[in-house]
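User: I have a chain open and want to talk it through. Can you take my questions as they come?

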Amino acid sequence: MTRSKRMLLRRTHPQDISAILEMERHPDNERFVHQWEPEEHMAAVRSERHLHIVIENLSGRPIGYMIAAGFQPESDEMELIRLVVGEKGKGYGKEALKLIMGLVFRELNKKRLWLDVRASNERARNLYVSVGFYEEPARQRTVGGDLEEALLAMTIGEAEYFGKHAR
């Protein structure tokens, strides 16, 4: 699909689901990532509305995944539902996010990319800001029963993307 010097983004295959679930359930990720069952991932893989992508290193090992909604041609925006990287601190998340943004704005010609991030996930918030996203007002939602978790909506438009990533 698209690649950099260290990684490749490609569509998810059914045989990728076990690696995806392992990354999703890893202690570094589980408190920030809504846990899906394998069937939910497969539904997103098969959906025409979703883009379910594996991020792999150039030797073919999955190092992350992402899910976006709004893939259909009539939509002018996409929601980044999930970006999970298995190995932290190596710059994979930032590099993958830049590839995803290039795909969204340059190849799919969308006007806006947005996401919800847990307010407590400072690492992710800093990552999104570093590539040009900005925060919108916070709102509350119930996560896991009685627990209230603040979510921040973050967005980047095509003007901000092309202004920051003109190359």
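Analyst: Below we go through the overall fold, two helix pairs and some single residues.

User: Before that, what kind of model is this, and how are residues numbered?

Analyst: The model is predicted, so local features need pLDDT of at least 70 and side-chain atom pairs count only at pLDDT 80 or more, while totals for chains, interfaces and linings use all residues. Residues are numbered from 1 along each chain as its sequence is written, and side-chain values use heavy atoms, with hydrogens and water left out.

User: How many helices and strands does the chain have?

Analyst: The chain has 5 helices and 8 strands. Helices (H or I, at least four residues) and strands (E, at least two) are DSSP runs, numbered from the N terminus. Starting at the N terminus, the order is β-β-α-α-β-β-β-α-β-α-β-β-α.

User: How compact is the chain for its 167 residues?

Analyst: The radius of gyration is 15 Å, close to the 15 Å given by the globule rule for 167 residues, so the chain is as compact as a globular protein of that length. The radius is taken over C-alpha atoms, and the rule is 2.2 Å times the number of residues to the power 0.38. Along the principal axes, the C-alpha atoms fill a box of roughly 45 × 40 × 35 Å.

User: What share of the residues is buried?

Analyst: Of the 167 residues, 47% are buried. Buried means under 20% relative accessible area, exposed means over 50%, and partly exposed is in between (1.4 Å probe, protein chains only).

User: And the contacts, what share joins residues at least 24 apart?

Analyst: That share is 58%, among contacts between residues at least 6 apart in sequence. Contact means heavy atoms within 4.5 Å.

User: On to helices. At what angle do α1 and α2 pack?

Analyst: Helix α1 (residues 17-25) and helix α2 (residues 38-46) pack at about 120 degrees, with axes 10 Å apart. That makes α1 oblique to α2. Axes are lines fitted to C-alpha atoms, for helices over the stretch in contact, and angles run from 0 to 180 degrees between N-to-C directions. Under 35 degrees counts as roughly parallel, over 145 as roughly antiparallel, 65 to 115 as roughly perpendicular and the rest as oblique.

User: Which residues make that contact?

Analyst: From α1 they are I17, I20, L21 and E24, and from α2 they are P38, H41, M42 and V45. By class, the contact of α1 with α2 has 6 nonpolar, 1 polar and 1 charged residues. Here Ala, Val, Leu, Ile, Met, Phe, Trp, Tyr, Cys and Pro count as nonpolar, Asp, Glu, Lys and Arg as charged, and the others, Gly among them, as polar.

User: E24 caught my eye. Is E24 buried or exposed?

Analyst: E24 counts as buried, because its relative accessibility is 0%. E24 belongs to helix α1. Leaving aside neighbours within four places in sequence, its contacts include N29, E30, H34, H41, Y65 and R82.

User: And M42, what does it touch?

Analyst: Not counting residues up to four places away in sequence, M42 touches P14 and I17. M42 lies in helix α2 and is buried, at 14% relative accessible area. M42 and R31 are 11 residues apart in sequence, and their C-alpha atoms are 22 Å apart.

User: How do α3 and α4 cross?

Analyst: The axes of helix α3 (residues 92-107) and helix α4 (residues 122-130) come within 10 Å and cross at roughly 45 degrees. That makes α3 oblique to α4. The contact is made by G93, K94 and L97 of α3 with L127, Y128 and S130 of α4. It divides into 3 nonpolar, 2 polar and 1 charged residues.

User: Where does N126 sit?

Analyst: N126 is in helix α4 and is partly exposed, at 46% relative accessible area. Its C-alpha atom is 32 Å from that of E39, 87 residues away along the chain.

User: Switching to loops, what is phi of N109?

Analyst: Phi of N109 is near 55 degrees, a positive value in a residue other than glycine. N109 sits in the loop between α3 and β6 (112-118), and at 52% relative accessibility N109 counts as exposed.

User: Last one, where is E74?

Analyst: E74 is in the loop between β4 (62-69) and β5 (77-85). E74 is exposed, with a relative accessible area of 66%.
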